[in-house]
Amino acid sequence: MASPAIITAVRRAILLLALLVFLGNIMMWIMMPTDTYYNDWLLHILAHTNSTFFGIQGPIMLDFTFPILLIAVLGCIYLHLGKRKSSITESKRDTKLRFLKRPMIVRGLGIVTVTELALFTMFIALCVWYSADYVRHWFKQVPVLSTTRGEKEWESKLDRVGLVAGIAGNLCLTFLFYPVSRGSSILPMLGLTSEGSIKYHIWLGNIAMALFTAHGFLYFVYWGFTNRLSEMLKWDDHYVSNVAGEISLVCGMAMWVTTYPTIRRKMFELFLYTHYLYILFIIFFILHTGIGFACIMLPGLYLFVIDRYLRFLQSRQKVRLLSARVLPCQTIELNFSKSRGLSYKPTSTIFINVPSISKLQWHPFTITSNSNLEPETLSVIIKCEGSWTRKLYDVISSPSPIDHLQVSVEGPYGPATTNFLRHDMLVMISGGSGITPFISIIRELIFIRSTLKCKTPKIKLISVFKNFSNLSILDLILPTSSYSSNSGNLDLQIEAYVTREKGNLKGKFEPSRTICFKPNASDEPISPALGPNSWLWLGAIISSSFTIFLVLLGLFTQYIVYPIDQNTNKLYSYTKKASVNMLIICFSIVIAASGAFLWNKKQSAKEAKQLQHAEESTTIKSSEDIELESLPLESVTKSINVHYGHRPNLKRILMEIKESNVGALVGGPKEMREDVAAICSSGQAENLHFESISFTW
């Protein structure tokens, strides 16, 4: 096995190579609207890449598709090597660049760090440059266009501006799918998670739809002034299809409208189901522009389709639900069987579907268990905060509970690394459901302290609850009674605030109730979709599927398209070519991903049988066993200070901490996160470092 120093050197080399490839790709975006690109670069590219196998589509894929897929494969290798590094090593990395994660904006756009603001500014600058230079380039054509079409110059300029708006929207669309590709290698290679990157998807989606809407509106106005409204009904089989573009725009606007915060919050199901229109949006977008131009935005979509299909394959499996714990605060803990080969980091999330409640709804929840402490179980906490969770709670907590519940999952998804050990002290501030990621972090620190015998930071947990009964959630901090003694080694202080009740109400709520289920023989433990070497398998899927795509595309172009089109890109049907390309892409991904998934499923089936035999040989818990589950709370409550009738003064608490390196982690309402981020970025306390935490409940 290679030494840690060699692995670190190889990972750095991979990062450097990926960075160089990405910078080269960005350079192509910068140069694309310039005269130099059209009059010099493009001619040389076409001269050296012109082929009867790929036609004009070949050089576009070489410039824009291949580099990003190469980065994704490099990311898979980088992350696979990173799995060999311990959490101790990765947490001791250099902190000189920590200022790059300091919040710069805490209101309006959400919490935006220095790095995020810099990258967002550069992206906006790229969009402005891209649009402005295209306008300059195409305004040169206005005199010829106006003469040829018999229209006024300002009308031709309106046509060109509308075209530029659509092209700029495609630039946003190129990056739109990366944040929602949950299992992609690109986000974790950058130290990001899908849950934490949703805001980028929102930003890009809003900009893209604003540009696409402007694109459609300007063309409607242009056609109206030039008496060519009949163009709205035109499906040009050898150029741009207007009807396909209009269908795509309608689907996009339907999705865009339902993302309005009030609609999404009050009518979540409408938002959810409307978002499935993205399939029609993409299909008709490609039919509108043609596959050649669509190849510019293809890599993000390609990686998303791979991720989405793998999620589909995993979601077809029914998982083994072992037990549920019903807490007195309308909260339940679900405990699933998992394979030992499945490992995940603290704050990871998993998506859960219960067909008996809804076949289409998938809800994310933060995993509270620890894959080191609990190698064969995975736990999540679910609180009644919506119609779906209410129905689930009612089913499980009913006086005559069911003995089996059919459940499917996707995931887990989480950060590639954690860096909690770099701090001298961790201040965890939670509001309501925001405590769930901190349970997983505390359990990880318990493992590091008790098993690896390493120094861990001090922990101060500040939990804000509405009612006294919510304090029962603290019962879930420790995984089992066997670790209650080890928890004493942690320097853990808990400050609980009950805001809507006054006085000491200790003992007022009833103890939790545990319900054991009887899994079906067909239920399987939760296991990684691509096995323990999932990153290597994902890299193999990306490379092999793209190879299959290139081979099939080459055969299709050589023997069907080229005899008719002769590389003119004018004679063969755009619609047929785009449709066949989409089918080939889907076929290639299905073949490669299905093969990898089925191979790993066969391997994990052996472990699943062994685990099932072990579970069957274990007797059902007695009442004494269930009583032991409440012991951790008793050991933890000795270090709890409960405050009634008021909220914590977070600024005062944070400012009074004297440790030199304090990590401030917040899970809770948006206002709470923004308040703490503002305190940490105010400059009044240089020892405070805000850490972004994603949570779902």
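## Strand β4 and its partners

Me: What does the pLDDT of this model average?
Reply: Keep in mind that this is a predicted model. A score of at least 70 is reached by 89% of the residues. Taken over the protein, the average pLDDT is 84.

Me: Over which residues near 87 and 619 is the pLDDT under 50?
Reply: Where pLDDT is low, the predicted coordinates should not be read in detail. One such stretch has 21 contacts beyond four places in sequence, and its pLDDT stays under 50 over residues 87–94. Another also has 21 contacts beyond near neighbours in sequence, with pLDDT below 50 over residues 619–638.

Me: How many residues of strand β4 are buried?
Reply: β4 covers residues 331–337. T331, E333, N335 and S337 point one way, while I332, L334 and F336 point the other way, and all are buried. For the strand, that makes seven of seven.

Me: Which residue in the turn between β3 and β4 has a positive phi?
Reply: Strand β3 (residues 321–327) runs antiparallel to β4, joined by six bridges. The two form a hairpin, with three residues between them. The turn residue with a positive phi, about 55°, is Q330.

Me: In β4, what is the bridge partner of A324?
Reply: β3 and β4 are joined by six bridges. Within β4, A324 is partnered by L334.

Me: And in β7, which residue is the bridge partner of N335?
Reply: β4 also runs antiparallel to strand β7 (residues 377–383), with seven bridges joining them. N335 is one of the buried β4 residues. Its bridge partner in β7 is S379.

Terms used
Residues are numbered from 1 along each chain as its sequence is written. This is a predicted model: local features need pLDDT of at least 70, side-chain atom pairs count only at pLDDT 80 or more; totals for chains, interfaces and linings use all residues. Side-chain values use heavy atoms; hydrogens and water are left out. pLDDT is the predictor's confidence in each residue, from 0 to 100. Contact means heavy atoms within 4.5 Å. Buried means under 20% relative accessible area, exposed over 50%, partly exposed in between (1.4 Å probe, protein chains only). Helices (H or I, at least four residues) and strands (E, at least two) are DSSP runs, numbered from the N terminus. Two strands pair if DSSP finds at least two bridges between them.
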